[in-house]
Amino acid sequence: MKHIIFIRHGKAEEKWPRIDDWSRKLTEKGEEKTREYIQAVKDKIKHVDAIISSGSRRTKQTAEIVAQELGIARHAIQYHSALWTRESGDKKALLGMIHS
């Protein structure tokens, strides 16, 4: 049986006219809280087959922190646009990722 853990990205910088949503990065507090959360649940996570993230800056940063805290190589992170968009075709792609 697969166990799936969904983690929302950490606190990101505010939206500004000059920063598009895709490019917003984590704040220092967002990075800190992400590390704290993973440390708190680390003992409950027995095995990780994959870390799957959208390609936005803040979700990449969050995935990299998760990988680092769990001792997983960065190259094991998979980036998929299906996690960013809300298109129905992308939902099917997401389900396909989960089933594989």
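**A walk through the salt bridges and the core**

Let us start at D21, which is partly exposed, with a relative accessible area of 27%. Please keep in mind along the way that this is a predicted model. The label given to D21 follows from its value, because partly exposed covers what falls between the buried limit of under 20% and the exposed limit of over 50%.

D21 has a salt bridge with R24, and the closest N and O atoms of the two are 2.9 Å apart. R24 is buried, its relative accessible area being 11%. A salt bridge also joins D21 to R58, at 3.3 Å from N to O. This second pair links distant parts of the chain: R58 sits in helix 2, made of residues 57–70, while D21 belongs to the segment before helix 1, which covers 28–41. The two residues are 37 residues apart. R58 is buried as well, with a relative accessible area of 5%.

Now follow helix 2 along to E69, whose side chain meets that of R35 in a salt bridge of 3.0 Å, N to O. Because E69 lies in helix 2 and R35 in helix 1, this pair ties together parts that are 34 residues apart in sequence. E69 counts as buried at 16% relative accessibility, whereas R35, at 29%, counts as partly exposed. Returning to the earlier residues, D21, R24 and R58 are joined into one network by salt bridges that share partners. In the whole structure, a search finds six salt bridges.

The segment before helix 1 has another residue to visit, E13. In space, E13 and L26 are 6.0 Å apart from C-alpha to C-alpha, although 13 residues separate them in sequence. Setting aside its neighbours within four places in sequence, E13 is in contact with I19, S23, R24, K25 and T27. One of these contacts, R24, is the residue that forms a salt bridge with D21.

With those places in mind, here is the overall plan. The protein chain has three helices and two strands, and its elements run α-β-α-β-α from the N terminus on. Of the 100 residues in the chain, 28% are buried. Among contacts between residues at least 6 apart in sequence, 64% join residues at least 24 apart. The chain exposes about 7500 Å², and carbon and sulfur atoms supply 52% of that area.

Next comes the interior. In soluble globular proteins, nonpolar side chains tend to be buried together. Here the largest nonpolar core consists of six residues: I38, I51, A63, V66, A67 and I77. Helix 2 gives the most to this core, with three residues. Looking at I38 more closely, and not counting residues up to four places away in sequence, you will find that I38 touches I7, V66, E69 and L70. V66 is a fellow member of the core, while E69 is the residue we met in the salt bridge with R35.

A last stop is the aromatic rings. How many aromatic pairs does the count come to? The count comes to zero. The ring of Y79 does have a charged partner, though: K60 lies over its face, at 5.2 Å from the ring centre.

Key
Residues numbered from 1 in each chain as written. Predicted model: local features only at pLDDT ≥ 70, side-chain atom pairs only at ≥ 80, totals over all residues. Heavy atoms only, no water. Salt bridge = Lys/Arg side-chain N within 4 Å of Asp/Glu carboxyl O. Buried < 20%, exposed > 50% of the residue type's maximum accessible area, 1.4 Å probe, protein only. Helix = DSSP H or I, 4+ residues; strand = E, 2+ residues; numbered from the N terminus. Contact = heavy atoms within 4.5 Å. Phe/Tyr/Trp six-rings, centres within 6.5 Å; stacked < 30°, edge-to-face > 60°. Lys NZ or Arg CZ within 6 Å of the ring centre and 35° of its normal. Areas by Shrake-Rupley, 256 points an atom, 1.4 Å probe, with all protein chains shown as cover. Core = buried A, V, L, I, M, F, W, Y, C linked by side-chain atoms within 4.5 Å.
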